[in-house]
Amino acid sequence: MNQNMDTDSLEIRLQALENRMYGERKNKSGKPIKCAESLARIQAGLTNTANKRERVKILHKKIEDLMKYLDPQFTDHITVPDAMKLEFILAEEDSLLSQAALLEQVNNLQPLLDSTYIRDVPEHATKLQRLSQIHIKQQDQTETQYQEVKKLFEEYNKTMFLMSKQFTQWDETLRKVEEAKGIRPVE
């Protein structure tokens with residue numbers, strides 16, 4: 001049933017394409033022009049023409065040779081001798097050996113990629129996501145604690161500075177009173 005619908009859909013699309021190309025033109029018998037029929041007639045005409053002409057027959061026989069000559073690698077095959085290709089390979093020998101060693105190393109490490117640890121990564125990713133959220137929350141709490149401790153230290157330093165200043169003033173006042181009374185300070 002689905003294939004029948006696809007065929008119907010294809011026919012509708014082909015009809016729309018033919019209407020766009022040919023409009024409402026009709027062939028000699030009064031039927032609408034069909035692209036497929038026109039292409040089939042053209043193909044038959046070309047085949048008949050090719051079969052009648054000896055040169056075209058020869059060309060069809062040599063088409064494989066022509067395709068070989070049109071291949072971009074064919075010019076490399078003709079212009080680059082085997083000795084030069086060997087020199088290219090020998091010049092890249094170190095690079096090729098290092099690449100081979102790296103590929104061998106990857107091949108040796110392949111069992112690690114197939115391990116249960118790697119297969120369990122999606123499961124661990126959800127756990128890691130949850131831990132990451134906890135970590136971010138703890139970082140926020142740490143920042144809050146840091147700000148509170150900083151504020152307390154600032155208040156402590158301010159209090160200590162004021163107390164030190166007060167003690168210095170009291171010491172100065174006491175020294176003046178002792179000097180006025182003639183009392184010597186104890187050293």
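Which backbone oxygen lies 2.8 Å from a polar atom of the side chain of S115? The backbone oxygen of L112 does, and the two atoms make a polar contact (a pair of N or O atoms within 3.5 Å, where one must be able to donate a hydrogen and the other to accept it).

Before going on, please note that this is a predicted model, in which local features need pLDDT of at least 70 and side-chain atom pairs count only at pLDDT 80 or more. Residues are numbered from 1 along each chain, and side-chain values use heavy atoms, with hydrogens and water left out.

S115 sits in the loop between α7 (93-113) and α8 (116-119); helices here are DSSP runs of H or I with at least four residues.

The table gives relative accessible areas, where buried means under 20%, exposed over 50% and partly exposed in between, with a 1.4 Å probe.

| Residue | Relative accessible area | Class |
|---|---|---|
| S115 | 19% | buried |
| F153 | 54% | exposed |
| W170 | 51% | exposed |

Now to helix α9 (residues 121-181), which holds both F167 and W170, 3 residues apart, about one turn of the helix. F153 is in helix α9 too.

The structure holds 1 aromatic pair. The ring centres of F167 and W170 are 5.6 Å apart and their planes stand at 75°, so the pair is edge-to-face. Rings pair if their centres lie within 6.5 Å; planes under 30 degrees apart count as stacked, over 60 as edge-to-face and the rest as tilted.

Definitions and conventions: Phe/Tyr/Trp six-rings, centres within 6.5 Å; stacked < 30°, edge-to-face > 60°. Helix = DSSP H or I, 4+ residues; strand = E, 2+ residues; numbered from the N terminus.
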